[in-house]
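Got your viewer open and your mouse ready? Let's walk through this model one selection at a time.

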Amino acid sequence: MMIDYILKGNICYSQNLQKIRCVESGYLVCIDGKSAGVFEEVPEVYKSLPIQDYGDKLIIPGLIDMHVHAPQYSFRSIGMDMELLDWLEVRAFPEEGKFSDVAYAKKAYSIFVDDLVKSTTTRACIFASRHVEGTWVLMDLMEKSGLVSYVGKVNMDRNAPDYLREESVQKSSEDTICWIEGTVEGYENTKPIITPRFIPSCTDPLMERLGEIQRKYSLPVQSHLSENLSEIEWVKELCPTSKFYGDAYHQFGLFGGEVPTIMAHCVHPPKEEMELMKQQGVFVAHCPQSNINVLSGIPNS
Ligand SMILES: [Zn+2]
C-alpha cells in the first residue's frame, strides 16, 4: 500500500513547455504514489499527512534518460581519443561480449542499477546487449529497483566481431521473440522495446523481421541515427536504395508514425530526414556528452 505524505522544500517543476514554476518553502503533496499538487500552504484536506521537511533543499521531478547503454557503464569516460566506429570496435564490443556470461551480467548490471537508483533519473530507455538471458537479468534488476523503464535486447547480425554478432536473421528473430515472450508476465514497470543497434549492424532481412515482430507485439522502437559523418557515409554504401539514413528504418516501418520511436544522437540529419522525423513524430535523444566525447559534433539545426 502506498503511503501518502508531504515533502517541504524549494520546489521547481515545469507546468508546460514554456513555464517553470518555483515555490520557495513549498509543499508537494503525494497521494497514492502520485503528485496531488504543489502548494504554498498545506490545504486543509491534507493537514493530517506527515511532512518530510527538506529545509532549503531543491525538490525537482525525476529526470528521464531517453538513451543509455547499460553494458557500457563499466567503461564510461574511457576511450575519448576515438571516434564512434573505432570506439565501438575497441571499447564497446569487447565489453558487451562479456554479457553472454549471466554471472558477469548480474554483477555489472547490479552496479549500473544501484547507481541509477541513487541518481536523479527515475525513468529510462535502456539498451542491454544482444543476449536474451542477460537482458532479462537487467529487466529483473530494474523491476526490483522501483524505477520505470523500457529495456531492449539489441539486434545485430553484421559488422561485429564473431563473439557478438548474431549468427543469422532466423536466430536473431527467434531470440527476440523468446525474449519478448519472457517479459509478458512479471514486469509492471519494466517494458520491452525493439532495439536494432543501428543500420550498419542490421541486414535488410533482419530489419524486415523486426518490423514484423514490432507489428505483432505492438512495441516501441529505439535505435541510433545520423550520429557521425563516417557512419552516415557507411549507411549510404550499405543501403544504396535508401534516400537517407532515416529512410533505412522507415522502409521497414520502424520510424515513428504508429510506432513510438526514439532515435539517439541525430547530430547530422539532412533536411529531408528532419522533415520525415517531424512528420512521423520520431523522438530525438541528443546525448550531448557522448557527442562531444566521441567527437561526433554538435547538432546545429
Ligand atoms: Zn547509443
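## First stop: Met66

Start by selecting Met66, which counts as partly exposed because it has 18 C-beta neighbours inside 10 Å. Keep in mind as you click around that this is a predicted model. Met66 sits in strand S5, residues 63-69. Which residues does Met66 touch, leaving out those up to four places away in sequence? Light up Cys125, Ile262, Phe283 and Ala285: those are the ones. Now add His286 to your selection. Met66 and His286 are 220 residues apart along the chain, yet 8.8 Å separates their C-alpha atoms.

## Zoom out: two domains

Colour residues 5-59 one way and 63-293 another. These are domain 1 and domain 2 in the domain assignment of the protein. Taken over C-alpha atoms, the centres of the two domains are 36 Å apart.

## Strands in domain 1

Select strand S2 (residues 20-31) and strand S3 (residues 34-39), which run antiparallel and are joined by 5 bridges. To see one pairing, pick Val29, whose bridge partner in S3 is Gly37. Then look at the hairpin these strands form: there are 2 residues between them, and Asp32 has a positive phi near 55 degrees.

Next, try strand S1 (residues 5-14) together with S4. These two run parallel, with 5 bridges between them. Asn10 is paired with Leu58 in S4. Is S4 mostly buried, or does it lie in the open? Of the 9 residues in S4 (residues 51-59), the number buried is 0, so the strand lies largely in the open.

## A covered strand

For a contrasting view, go to strand S12 (residues 261-265). Here 5 of the 5 residues are buried. S12 has strand partners to show you, too. Strand S11 (residues 221-225) pairs with S12 in the parallel sense over 5 bridges, and Leu225 has His265 of S12 as its bridge partner. Strand S13 (residues 283-285) also runs parallel to S12, joined by 3 bridges. Click on Met263 and you'll find Val284 of S13 standing opposite. While you're looking at strands, here's a handy rule: in a regular strand the side chains alternate between the two faces of the sheet.

## Helix H2 and its two sides

Now select helix H2, residues 102-117. At 1.5 Å a residue, its 16 residues should span 22 Å, and the end C-alpha atoms are 22 Å apart, which agrees. Show the buried residues of H2: Ala105, Ala108, Tyr109, Phe112, Val113 and Leu116. Why are they on the same side of H2? Because they cover an arc of only 135 degrees around the axis. Turn to the other side of H2 and you'll meet Ala103, Ile111, Asp114 and Asp115, which are exposed. What do the buried residues of H2 pack against? Strand S6 (121-127) and helix H3 (132-145) are the elements to show.

## On to helix H3

Follow that packing to H3. This helix has 14 residues and reaches 20 Å from its first C-alpha to its last, close to the 20 Å expected at 1.5 Å a residue. Its buried residues include Trp136, Leu138 and Met142. Besides H2, the buried residues of H3 pack against strand S7 (148-152), helix H4 (169-181) and strand S9 (190-192). Step past the end of the helix to Gly146, where phi is positive, near 85 degrees.

## The nonpolar core

Select Tyr109, Ile126, Leu138 and Val151. Of the 55 residues in the largest nonpolar core, these touch the most other members. Centre on Ile126 and show its contacts, not counting residues up to four places away in sequence: Val68, Ala70, Ser149, Tyr150, Val151 and Gly152. There is also a second, separate core of 5 residues, including Leu84, Trp87, Leu88 and Val294.

## Last stop: helix H5

Finish with helix H5, residues 204-217. Its 14 residues should span 20 Å at 1.5 Å a residue, and its end C-alpha atoms are 20 Å apart, which agrees. Leu206, Met207, Arg209, Leu210, Gly211 and Gln214 are buried in H5. Show strand S8 (154-155), H4, strand S10 (195-196) and S11 to see what these buried residues pack against. Just after H5, click on Ser218, which has a positive phi of about 50 degrees.

Definitions and conventions:
Residues numbered from 1 in each chain as written. Predicted model: local features only at pLDDT ≥ 70, side-chain atom pairs only at ≥ 80, totals over all residues. Helix = DSSP H or I, 4+ residues; strand = E, 2+ residues; numbered from the N terminus. Expected span 1.5 Å × (residues − 1). Buried ≥ 20, exposed ≤ 12 C-beta atoms within 10 Å, placed from the backbone. Arc of directions from axis to C-beta. Contact = placed C-beta atoms within 7 Å. Domains from an automatic or database assignment. Pairing = 2+ DSSP bridges. Core = buried A, V, L, I, M, F, W, Y, C linked by C-beta atoms within 7 Å.
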